[in-house]
Amino acid sequence: MEHTVKSFDEQLRRLNEIILRMGGLAEAALSAAIQAVTKRDVDLAAEVVRDDAKIDELNREVDELAVRLLALRQPMANDLREIVAALRISADVERIGDYAANIAKRAIAMAEMRPSRSVPAISRMGRLAQRLIKEVLDAYAEKNPEKAVAVWARDEEIDDAYNSVFRETLTYMME
């Protein structure tokens with residue numbers, strides 16, 4: 001639905017564009033972090049840690065734009081829901097970037113240790129997380145709530161993978 005004030009539509013589009021850009025950066029960061037763990041690539045890991053600031057900056061942009069829209073436009077109904085959703089989504093995407101940076105930091109520490117047998121399982125879990133992130137970002141871009149709910153329902157797969165990696169690592173440590 002187009003609004004009478006075209007600048008409002010442009011601002012809403014800008015909000016969505018920033019979130020999708022954030023999502024792309026977070027996706028790439030997670031991919032690079034998993035690759036850094038798998039290949040013991042300290043330089044790539046350091047790059048992921050450094051690039052987390054870009055995601056943080058985009059999150060601040062979303063916050064500022066959303067607050068400006070709320071204050072100046074006083075949106076109602078769907079517009080209000082879209083702006084509030086953007087705030088929540090950007091916070092979650094920012095957290096994904098933080099998790100990727102944390103994985104990268106662990107990759108740096110792991111590179112100094114002897115290779116771990118749990119790396120393939122961690123890599124599998126990372127690929128699963130990447131797939132789900134991509135699917136949920138696609139759902140957001142398409143404004144498809146059914147697709148988003150389907151991804152949410154698959155969250156248990158990540159939990160199962162995490163528990164498996166945890167048990168495998170614990171067994172390895174006990175040996």
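These are my notebook entries on a predicted model, taken one topic at a time.

**Entry 1: overall layout**

I began with the secondary structure and counted six helices and zero strands. Reading along the sequence, I wrote the pattern down as α-α-α-α-α-α. I then looked up the extent of the C-alpha trace, which spans about 65 × 30 × 20 Å along its principal axes. Of the 175 residues in the protein, 35% are buried. I also checked how far apart in sequence the contacting residues lie. Taking contacts with a separation of 6 or more, I found that 82% come from residues 24 or more positions apart.

**Entry 2: helix α3**

Next I turned to α3, which runs over residues 77-111 and has 35 residues. From first C-alpha to last, α3 reaches 51 Å, close to the 51 Å expected at 1.5 Å a residue.

Which residues of α3 are buried? My list reads D79, I83, A86, S90, V93, E94, G97, A100, A101, A104 and A107. I noted that D79 and E94 are among them. I kept a reminder beside the list: an α-helix has 3.6 residues a turn, so residues three or four places apart point the same way.

What covers these buried residues? I found that the cover includes α1 (6-39), α2 (42-73) and α4 (119-142).

**Entry 3: the largest pocket**

I looked up the largest pocket and noted a volume of about 1,700 Å³. Its lining comprises 41 residues, and I96, Y99, A129, I133 and D155 lie nearest the centre.

Which helices supply at least two residues each to this lining? I wrote down α1, α3, α4, α5 (145-153) and α6 (155-174). Helix α3 gives the most, with 13 residues, so I am glad I had looked at α3 beforehand.

I then sorted the lining by class and got 30 nonpolar, four polar and seven charged residues. One of the residues nearest the centre is D155.

**Entry 4: an aromatic pair in α6**

How many aromatic pairs does a search of the whole structure find? The search gave me one. The partners are Y162 and F166, and the pair is stacked, with 6.3 Å centre to centre and 25° between the planes. Both partners lie in helix α6, four residues apart, about one turn of the helix.

Are the two rings' residues buried or exposed? Neither word fits, because the partly exposed class runs from 20% to 50% relative accessible area. Y162 counts as partly exposed at 47% relative accessibility, and F166 counts as partly exposed at 47% too.

While I was at Y162, I looked up a position distant in sequence. Y162 and A121 are 41 residues apart along the chain, and their C-alpha atoms are 8.9 Å apart in space.

**Entry 5: positive phi angles**

Last, I looked at backbone angles, with a general point in mind: most residues other than glycine have a negative phi.

Where does R40 sit? I found R40 in the loop between α1 and α2. R40 has a positive phi of about 55° although it is not a glycine. Its relative accessible area is 31%, so I entered R40 as partly exposed.

A77 also went into the notebook, with a positive phi of about 45° although A77 is not a glycine. A77 is placed in helix α3, whose residue range begins at 77. With a relative accessible area of 47%, A77 is partly exposed.

Methods:
Residues are numbered from 1 along each chain as its sequence is written. This is a predicted model: local features need pLDDT of at least 70, side-chain atom pairs count only at pLDDT 80 or more; totals for chains, interfaces and linings use all residues. Side-chain values use heavy atoms; hydrogens and water are left out. The expected span of a helix is 1.5 Å times one less than its number of residues. Buried means under 20% relative accessible area, exposed over 50%, partly exposed in between (1.4 Å probe, protein chains only). Contact means heavy atoms within 4.5 Å. On a 1 Å grid over the protein atoms alone, a cavity is a set of points where a 1.4 Å probe fits but cannot get out, and a pocket is an open set with protein on both sides within 12 Å along at least five of seven lines; lining residues have an atom within 4 Å of a point. Grid points are joined across faces, edges and corners, and a volume is the space filled by probe spheres set on the points. Ala, Val, Leu, Ile, Met, Phe, Trp, Tyr, Cys and Pro count as nonpolar, Asp, Glu, Lys and Arg as charged, and the others, Gly among them, as polar. Rings of Phe, Tyr and Trp (its six-membered ring) pair if their centres lie within 6.5 Å; planes under 30 degrees apart count as stacked, over 60 as edge-to-face and the rest as tilted.
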